[in-house]
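Welcome to this tour. Open your viewer, keep the selection box handy, and follow along one stop at a time.

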Amino acid sequence: MANAWFETVAEAQRRAKKRLPKSVYGALIAGSEKGLSTADNLASFDQLGFAPHVAGLSNERTMNTTIMGQEIGMPIIISPTGVQAVHPQGEVAIARAAQNRGIPMGLSSFASKSVEDVAAVNDKTFFQMYWCGDKDTLVQRMNRAREAGAKGLIVTLDWSFSNGRDWGSPWIPEKIDLKAAIKLAPEVLQKPGWLLAFAKTGRIPDLTAPNMAKPGEKAPTFFGAYYEWMQTPLPTWEDISWLREQWGGPFMVKGVSRVDDAKRVVDLGATALSVSNHGGNNLDGTPAPIRALPAVADAVGSQIEVVLDGGVRRGSDVVKALALGARAVMIGRAYLWGLAANGQAGVENVLDVMRGGIDSALLGIGKSSIHDLDRDDVVAPDGFFRSLGTK
């Protein structure tokens with residue numbers, strides 16, 4: 001039997017591609033329109049370098065920190081991702097892996113597992129919401145998450161309902177019925193390992209969003225929930241402020257790339273903001289978050305916690321983000337590759353790869369703590385950074 005352990009996230013992705021049906025893998029790749037932002041999220045980290053030392057290095061290095069009121073073992077948060085058919089245990093397996101490594105679990109309101117099941121295995125669960133439905137419905141969802149044990153709320157604003165992808169979008173049925181099963185059979189039968197994992201549970205992916213269910217009703221399908229979201233009038237800043245007040249606890253606004261928007265997030269009293277372009281699934285051509293990070297961090301100073309989300313694939317990427325002003329990063333596709341490759345153990349493998357990379361980068365730079373990092377540790381080419389919304 002091949003070694004289940006992998007040494008990089010890239011290897012996890014290769015294994016995920018071999019294991020997952022084409023449509024499932026394609027849904028994870030995602031991106032919008034031409035894929036400019038998705039590509040830039042990755043390429044931008046490659047353009048950044050380090051200024052290492054060679055002697056007098058620290059023999060002990062620490063990476064503990066706090067975010068949204070939670071003490072965490074390293075500066076990484078599981079970014080919320082929507083309903084998926086990667087592994088039968090889905091977000092519960094991810095949450096357990098995160099708990100075992102001492103980091104928070106971001107759970108999407110569109111997730112395939114309930115907030116009750118996830119919060120039961122991770123005591124640092126942050127529940128993510130879109131502005132979806134009327135205010136009574138939003139309050140009901142928040143109260144449900146709070147009662148389940150969620151410690152923080154993430155409101156995601158970086159999404160523009162892209163209409164297509166140049167490389168084509170995977171076909172995803174609203175539900176797995178006989179017609180869908182017949183259509184998907186050719187690609188599913190080519191991936192017996194994936195099929196067997198679900199067969200052992202006696203269930204197939206049902207593609208529902210249990211966290212979007214109204215009291216006493218069945219969980220809607222993903223597309224049913226998505227349609228409700230698309231039909232909801234877009235939120236104002238006053239709406240987001242109202243949402244924060246209703247939650248009353250640690251609150252993150254996800255999707256900021258402009259300085260003026262960052263200042264508005266500070267003004268509404270949020271605990272944290274995430275510099276993000278939704279993994280390239282927002283308006284295509286939006287710069288990579290790492291390019292916009294320093295300007296945002298400078299503008300808000302210590303008034304709010306700044307998180308970076310987008311393109312992180314290794315521990316050195318985490319260190320680059322922290323040196324440029326982030327308190328922590330969020331990862332999305334990286335842990336999904338791990339989940340596909342080897343379930344919960346695969347997610348833990350990804351997190352261990354990240355931790356090892358952070359430690360190695362700290363060693364080379366000559367810092368004993370992530371809190372000692374600064375911009376002199378990173379080398380950036382001329383014209384690399386973007387300062388949006390400053391006029």
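## Salt bridges to start with

A search through the whole structure turns up 17 salt bridges. Keep in mind as you go that this is a predicted model.

Begin by selecting K254 and D309, whose side chains meet in a salt bridge with N and O 3.3 Å apart. This pair links distant parts of the chain: K254 sits in strand β8 (residues 251-256) and D309 in strand β10 (residues 305-309), 55 residues apart. Is the pair buried or exposed? Both K254 and D309 are buried.

Next, select R258 and D260. Their side chains also meet in a salt bridge, at 2.7 Å from N to O. R258 is partly exposed, with a relative accessible area of 35%, and D260 also counts as partly exposed, at 27%.

Now try D123 and K124, which form a salt bridge whose closest N and O atoms are 3.6 Å apart. Show the surface here: D123 is partly exposed, at 38% relative accessible area, whereas K124 is buried, at 15%. The cut-off behind these words is 20%, since buried means under 20% relative accessible area.

For the last stop in this group, select E11, R14 and R15 together. They are linked in a network of salt bridges.

## Helices that meet α14

Select helix α14, residues 333-365, and add helix α2, residues 22-29. Their axes come within 10 Å and cross at roughly 160°, so α2 and α14 are roughly antiparallel to each other. The crossing of α2 past α14 is left-handed. To see the contact itself, show the side chains of Y25, L28 and I29 from α2 together with R333, L336 and W337 from α14. By class, the contact has five nonpolar residues, no polar ones and one charged residue.

Keep α14 on screen and add helix α13, residues 315-323. At what angle do α13 and α14 pack? The angle is about 55°, and the axes are 6 Å apart. That makes α13 oblique to α14. The crossing of α13 and α14 is right-handed. On the α13 side, the contact is made by G315, S316, V318 and V319, and on the α14 side by M354, G357, I358, A361 and I365. Sorted by class, the contact holds six nonpolar and three polar residues, with no charged residues.

## Two helices with buried residues

Helix α4, residues 90-100, is the next selection. It is mostly covered, with eight of its eleven residues buried. To find them, pick out G90, E91, V92, A93, I94, A95, A97 and A98. What do these buried residues pack against? Their partners are β4 (76-78), β5 (105-108), α5 (115-119) and α14. Following α4 is G102, whose phi is positive, near 75°.

Move on to helix α10, residues 237-247, where D239, I240, S241, W242, L243 and W247 are the buried residues. Among the elements that cover them are α6 (135-148), β7 (152-156) and β8. You have met β8 before, as the strand that holds K254. Just after α10, look for G248, which takes a positive phi of about 80°.

## A buried arginine

Select R291, in helix α12, residues 289-300. R291 counts as buried, with a relative accessibility of 6%. Which residues does R291 contact, leaving aside its neighbours within four places in sequence? Show D40, S44, Q47, F384, F385 and R386, and you have them.

## Two unusual backbone spots

Most residues other than glycine have a negative phi. The two residues below have a positive one.

- Select M68, a residue other than glycine with a positive phi near 50°. M68 is in the loop between β2 (65-67) and β3 (70-72), and is buried, with a relative accessible area of 0%.
- Select H278, where phi is near 60°, again positive in a residue other than glycine. H278 is found in the loop between β9 (272-276) and α12, and counts as buried at 15% relative accessibility.

Note on methods: Residues are numbered from 1 along each chain as its sequence is written. This is a predicted model: local features need pLDDT of at least 70, side-chain atom pairs count only at pLDDT 80 or more; totals for chains, interfaces and linings use all residues. Side-chain values use heavy atoms; hydrogens and water are left out. A salt bridge is a side-chain nitrogen of Lys or Arg within 4 Å of a carboxyl oxygen of Asp or Glu. Buried means under 20% relative accessible area, exposed over 50%, partly exposed in between (1.4 Å probe, protein chains only). Helices (H or I, at least four residues) and strands (E, at least two) are DSSP runs, numbered from the N terminus. Axes are lines fitted to C-alpha atoms, for helices over the stretch in contact, and angles run from 0 to 180 degrees between N-to-C directions. Angles under 35 degrees count as roughly parallel, over 145 as roughly antiparallel, 65 to 115 as roughly perpendicular and the rest as oblique. A crossing is left-handed if the near helix is turned anticlockwise from the far one by less than a right angle, and right-handed if clockwise. Contact means heavy atoms within 4.5 Å. Ala, Val, Leu, Ile, Met, Phe, Trp, Tyr, Cys and Pro count as nonpolar, Asp, Glu, Lys and Arg as charged, and the others, Gly among them, as polar.
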